[in-house]
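User: Hello! I am new to reading protein structures and would like some help with this one. Could you take me through a close look at one part of it?

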Amino acid sequence: MVDEAAVHDEGQAVRVLLVSGRDWFASALQAVLEPEGFSFIHAWTEQEAFELIPEVDPEILIIDEGLAGMPAPEFCQEALSAGLGSSVPILVYSANYWHETEQAETIRAGAWDVIREPIRSRLLVAKLRRLLQLRRLIEFAEENSLADQETGLYNLAGLVHSLPIVGSLAERSGAPLSCAVIGPTQPAESSSELKRQGRSIAVLVKQFTRTSDLCATVGGADVALVAYNADANTAAAIVQRLSERSADRPESVGAPEPLSAGIVTLPLSDLRERDQKEAVEGVLRRSAANRFTSLSRLADAQSALVNAREAGGGIRIAAPA
C-alpha cells in the first residue's frame with residue numbers, strides 16, 4: 001500500500017523547487033505549502049534552477065510559464081537533462097489562459113499538470129499529495145524484476161508490464177476490466193507481521209481467484225487484483241468470496257485475515273492505445289507520462305481502500321474517472 005507516510009520519510013518535509021521570477025507568486029505558494037509539510041526552495045531564473053536541481057534533489061518541480069528566458073516545454077526537457085529524476089512531478093503555472101495546444105505541448109515535454117488562476121490552496125495541496133503518490137507508484141514500477149520473491153505474485157513492475165496485454169484483450173472482446181486493491185483491514189505495525197499478512201493474503205489470492213485474473217503485490221501486505229470480464233460489482237463479489245475463504249481458514253494454515261478492498265474500473269481505451277503505440281514504436285519501457293492513467297486508477301483503488309479501513313473495514317468502489 002502506498003500512502004502518505006510512504007511517500008516521504010516521517011518528519012521530513014517534501015522538497016518543492018519553484019522556478020519563477022514573480023515574487024508575489026513565490027510568497028503565496030510558500031504561505032500555502034510550508035504549513036502543509038512542504039519545504040520550499042525558490043529559483044528566480046532557469047539557470048539557477050538547473051544549478052539547484054542536483055543540489056536539492058527536488059521531489060516536486062513547479063515552473064512559471066512566464067519565465068523570460070525559456071518556454072515552459074523547453075524548460076521541462078532541459079530540467080530532465082540537468083538531472084531531474086524522470087519520476088519527479090512537474091507542474092506548470094499559467095497566470096493567463098493557455099490555449100489547449102500550448103498545454104498539450106507542455107505535457108508532451110514532460111509536465112504532469114497545469115496550475116491555473118485562481119489558485120485554490122486546498123485543491124493544490126491535495127493535487128501535490130496525489131502526484132507524490134503516483135511518483136511512488138512509478139518508482140515501484142521501475143524495478144527490474146517483475147515478480148515478488150516473497151509471495152510469488154507479480155510486483156508492481158510486473159503488473160504495469162502486463163496491463164496493456166490484458167487491456168488489449170479485454171477491449172477486443174468487449175469485456176470490462178476492474179482493479180481491486182485488497183489488504184488487511186488492520187495492517188500490522190511490525191515489518192515481520194506485515195510480511196506474514198502479505199503471505200497469507202497472497203496464498204488466498206493464488207488459491208481462490210480465476211486464472212484470467214492478474215495479481216500483484218503493491219506494497220505492504222496489499223495485493224492488486226485485475227479482474228478480467230468483471231465490472232466493479234463483480235470484482236466486489238470476488239473480494240467478498242476471498243474474505244469468506246479467509247474467515248474459514250484453519251489456524252494451522254494461518255490466522256484469518258479480515259480483508260478490506262478498494263475497487264475501480266479500468267480505462268480500456270487508454271490501455272489499448274498505449275499498447276498499440278508501443279507495438280508500432282518498439283518501446284519496451286513506458287515513460288512516466290505513459291503510465292500515468294493506469295497508475296492513477298490504481299491510486300484511486302488504494303485511496304478507496306484507505307477510506308474503507310478508516311470506516312472500520314469493508315469494500316469501497318471508487319467513482320468512475
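How many disulfides does a search of the whole structure find? After that, please look closely at the sheet that holds strands 7, 8, 6, 9 and 10.

Analyst: Happy to help! Please keep in mind that this is a predicted model. The search of the whole structure finds zero disulfides. A disulfide is a covalent bond between the sulfur atoms of two cysteines. Two cysteines are still worth a glance on the way to your sheet. C179 counts as buried because its relative accessibility is 3%, and buried means under 20%. C215 has a relative accessible area of 10%, so C215 is buried too.

Now to the sheet you asked about. Five strands make up this open sheet, in the order 7-8-6-9-10, and their pairing is mixed. Strands of a sheet pair through backbone hydrogen bonds, either parallel or antiparallel. At the edges stand strand 7 and strand 10 (315–317); each has a single partner strand, so one side of each is left without a neighbour in the sheet. From one strand to the next, the twist averages 20°.

Let us begin at the edge formed by strand 7, which covers residues 214–217. L214 and A216 point one way from this strand, while C215 and T217 point the other way. Both pairs are buried, and you have already met one of these residues, C215, with its relative accessible area of 10%.

The partner of strand 7 is strand 8 (residues 223–228), and the two run antiparallel, joined by four bridges. If you would like one bridge to find on screen, A216 has A224 as its bridge partner in strand 8. The two strands form a hairpin with five residues between them, and there G219 takes a positive phi near 115°.

On we go across the sheet. Strand 8 also pairs with strand 6 (residues 177–184), in the antiparallel sense and over six bridges. Here a bridge to look for is the one from L177 to Y228 in strand 8.

Two helices pack against these strands. Helix 7 (residues 156–173) packs on the sheet and touches strand 6, strand 7 and strand 8; its direction makes about 15° with that of strand 8. Helix 9 lies across strand 6, strand 8, strand 9 (259–265) and strand 10, and runs at about 165° to strand 9.

Before leaving this part, have a look at the loop between strand 8 and helix 9 (232–248), where N229 is found. N229 has a positive phi of about 55° although it is not a glycine. With a relative accessibility of 46%, N229 counts as partly exposed.

For contrast, here is another sheet in the chain. It is open and has five strands in the order 2-1-3-4-5, and the pairing is parallel. Its edges are strand 2 (38–43) and strand 5 (113–116), each with a single partner strand, so one side of each is left without a neighbour in the sheet. Neighbouring strands of this sheet are turned by 25° against each other on average, direction ignored. Strand 1 and strand 3 pair in the parallel sense over four bridges, and L17 has L61 in strand 3 as a bridge partner. Helix 4 packs on this sheet, touching strand 1, strand 3 and strand 4, with its direction at about 150° to that of strand 3.

Helix 4 (residues 72–81) is a nice place to practise reading a helix: its buried residues are A72, P73, F75, C76 and A79. Seen down the helix axis, these buried residues fall within an arc of 165°, so they line one face of helix 4. They pack against strand 1 (14–19), helix 3 (46–56), strand 3 (60–64), strand 4 (90–94) and helix 5 (100–108). After helix 4 comes G83, whose phi is positive, near 115°.

In the loop between helix 3 and strand 3 sits D57. Its phi is near 50°, a positive value in a residue other than glycine, and D57 is partly exposed at 46% relative accessible area.

Finally, let us step back to the whole chain. It has eleven helices and ten strands. Of its 321 residues, 49% count as buried. Among the contacts with a separation of 6 or more, 71% come from residues 24 or more positions apart. The accessible surface of the chain comes to about 15200 Å², with 49% of that belonging to carbon and sulfur atoms.

Methods
Residues are numbered from 1 along each chain as its sequence is written. This is a predicted model: local features need pLDDT of at least 70, side-chain atom pairs count only at pLDDT 80 or more; totals for chains, interfaces and linings use all residues. Side-chain values use heavy atoms; hydrogens and water are left out. Buried means under 20% relative accessible area, exposed over 50%, partly exposed in between (1.4 Å probe, protein chains only). Two strands pair if DSSP finds at least two bridges between them. The arc is that of the directions from the helix axis to the C-beta atoms. Contact means heavy atoms within 4.5 Å. Axes are lines fitted to C-alpha atoms, for helices over the stretch in contact, and angles run from 0 to 180 degrees between N-to-C directions. Accessible areas come from the Shrake-Rupley method with a 1.4 Å probe; for residues, only the protein chains shown count as cover. A disulfide is a pair of cysteine sulfur atoms within 2.5 Å.
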